[in-house]
Amino acid sequence: MKIKINTIIILLSCLLFASSPYLSQTINNVVFLVVSLVLLISMIQKQIYRITMKECIPIIVFCCITVVCTVLNHGMTSRTINAIVTGLRYVMLFMVYCQLSIETSAQKVADTVFKILFVATTIEDLCVLITKGYGIVNDGTLAYYLFGNKFGVSYLHMLTLSLFLFHIFTTRGFLIKKNAFWIYLAFSIAICMIADCNTGVIGCVVIGGMTFIAGKKDRFIKIIDSPIIYLVIFISLTFLLVGTDVILNNRFLATLLQKYSHTNKILTGRVDMYKIALYTIVQKPVWGYGINNTIVSDTLSWGNAQNGLLKMLLDYGLIGTAAFLNVCWRSIYQRVRGNVNDMVFPILTFLYSMAVCSMVEINLSGYYFAGLALVNAVQATKYYNAKNLVGN
């Protein structure tokens with residue numbers, strides 16, 4: 001019965017990943033709030049919830065800051081309610097995965113999430129294939145499937161891929177299942193192509209590339225599981241694309257992007273969006289403009305910041321972005337020294353792929369925080385297991 005209850009809890013947590021494209025923001029928020037409160041009550045009833053709260057301090061601080069930034073800009077409005085609900089979603093993802101991992105094992109939690117997401121991904125793939133990428137609903141700009149648009153399909157596949165890799169790393173039959181991983185990787189890329197999401201194709205390729213390198217160079221895992229390496233790469237990717245002219249004004253890249261872009265503008269008009277975002281950030285660098293600001297679209301009549309960290313700076317300023325980077329640091333940081341993080345590596349491939357995709361998309365939301373929460377749970381479980389072993 002205990003396993004069944006935990007499975008239900010994890011299933012509910014998966015409902016916090018993304019909002020339904022067929023429901024209004026208000027209804028989605030009500031669903032998120034009800035699910036979050038149910039999960040919170042179930043966690044508080046467990047004896048180790050105080051330990052879990054300690055491990056969740058960075059994400060709690062970040063979410064509180066997002067609410068403060070929004071209140072300072074918009075007061076107590078529906079946007080602030082959205083910030084509160086969004087923050088509660090992320091906190092509960094961290095709390096549920098951390099607490100259940102310590103109580104049972106990180107492997108059981110990750111495997112349960114994988115099984116649930118694999119079913120959801122399969123259903124979503126059927127929608128993509130049956131509609132031939134057109135979607136159940138298509139507004140002329142984006143196609144919407146059962147659980148989201150083409151980006152939702154891609155991020156869902158990327159997270160499922162990384163959890164499949166986690167399953168391979170932590171179970172027997174490695175060679176057989178490893179071949180299955182490459183087949184599923186190729187299928188995921190094909191689905192992203194049918195859904196017309198090049199970002200998803202790149203994300204899947206990053207996961208596959210990192211897996212291939214790790215299979216050839218064992219030391220690779222030890223290098224990339226460092227929070228310093230992750231943050232340096234994450235920030236550098238944003239700076240390289242947005243903060244310099246090296247890529248934006250490169251003639252060869254401009255020609256290449258114009259050839260494969262849906263518009264005649266470099267990076268599908270992203271250059272203008274980046275300039276507006278950078279100018280706007282300088283005006284209010286500390287607290288930003290609050291959650292889901294529309295400054296770029298208000299200026300251009302369409303679009304957004306089109307970059308994960310730029311969006312973070314726009315919404316929450318330097319304080320909120322620093323708090324977010326601290327969440328990344330704390331989640332990846334090894335509490336137990338000398339451990340080879342084979343369990344962490346598969347999920348890290350997802351976080352790295354999302355960092356690459358964030359160069360040109362806003363993707364630091366539900367799926368990304370779910371990945372962070374799972375990595376945090378693995379690291380926290382290792383720490384408390386080692387602590388109890390020493391204590392005994």
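Helices here are DSSP runs of at least four residues, numbered from the N terminus. The model is predicted.

**Figure 1. Asn293 sits in a loop between two helices.** The flanking elements are helix 14 (270-283) and helix 15 (295-300). Asn293 counts as buried, because its relative accessibility is 11% and the cut-off for buried is under 20%. Its side chain makes a polar contact of 2.3 Å with the side chain of Asp315. Asp315 is also among the contacts of Asn293 beyond four places in sequence, together with Arg79 and Leu314.

**Figure 2. Helix 4 packs against helix 5.** Helix 4 spans residues 57-74 and helix 5 spans residues 78-103. Their axes come within 9 Å and cross at roughly 175°. Helix 4 is therefore roughly antiparallel to helix 5. By class, 10 nonpolar, five polar and one charged residues form the contact. On the helix 4 side are Ile59, Ile60, Cys63, Thr66, Val67, Thr70, Val71 and His74. On the helix 5 side are Arg79, Thr80, Ala83, Ile84, Gly87, Tyr90, Val91 and Phe94. Arg79 of this contact is also a partner of Asn293.

**Figure 3. Thr80 is a buried residue of helix 5.** Its relative accessible area is 0%. Beyond four places in sequence, Thr80 touches Val67, Thr70, Val71 and Gly75. Val67, Thr70 and Val71 belong to the helix 4 side of the contact between helix 4 and helix 5.

**Figure 4. Asn73 of helix 4 meets a sequence-distant segment.** Asn73 is partly exposed, with a relative accessible area of 23%. Its contacts beyond four places in sequence are Lys284, Trp287, Gly288, Tyr289 and Gly290. One of them, Trp287, is 214 residues away in sequence. The C-alpha atoms of Asn73 and Trp287 are 8.8 Å apart. With Gly288 there is a polar approach: a polar atom of the Asn73 side chain lies 3.0 Å from the backbone oxygen of Gly288.

**Figure 5. Thr7 of helix 1 contacts Thr112 and Ile116.** Helix 1 covers residues 2-14. Thr7 is partly exposed, at 34% relative accessible area. Thr112 and Ile116 are its contacts once neighbours within four places in sequence are left aside. The C-alpha atoms of Thr7 and Leu100 are separated by 10.0 Å. Along the chain, these two residues are 93 apart.

**Figure 6. Two annotated transmembrane spans are largely or wholly helical in the model.** The unreviewed UniProt entry annotates residues 56-75 and 81-100 as "transmembrane region". Residues 56-75 are 90% helix and 0% strand. The end C-alpha atoms of that span lie 27 Å apart. Residues 81-100 are 100% helix and 0% strand. Here the end C-alpha atoms lie 28 Å apart. The same annotation also covers residues 31-49, 112-131, 151-169, 181-208, 228-248 and 344-364.

**Figure 7. The whole chain, for orientation, has 18 helices and two strands.** Buried residues make up 53% of its 392 residues. Among contacts with a separation of 6 or more, 77% join residues 24 or more positions apart. The Asn73 and Trp287 pair, 214 residues apart in sequence, is one close-up example of a long separation.

Conventions. Residues are numbered from 1 along each chain as its sequence is written. This is a predicted model: local features need pLDDT of at least 70, side-chain atom pairs count only at pLDDT 80 or more; totals for chains, interfaces and linings use all residues. Side-chain values use heavy atoms; hydrogens and water are left out. UniProt positions are given in the numbering used here, feature names are shortened, and annotations may be inferred rather than shown by experiment. Buried means under 20% relative accessible area, exposed over 50%, partly exposed in between (1.4 Å probe, protein chains only). A polar contact is a pair of N or O atoms within 3.5 Å; within protein, one must be able to donate a hydrogen and the other to accept it, and residues adjacent in sequence count only if both atoms are side-chain atoms. Contact means heavy atoms within 4.5 Å. Axes are lines fitted to C-alpha atoms, for helices over the stretch in contact, and angles run from 0 to 180 degrees between N-to-C directions. Angles under 35 degrees count as roughly parallel, over 145 as roughly antiparallel, 65 to 115 as roughly perpendicular and the rest as oblique. Ala, Val, Leu, Ile, Met, Phe, Trp, Tyr, Cys and Pro count as nonpolar, Asp, Glu, Lys and Arg as charged, and the others, Gly among them, as polar.
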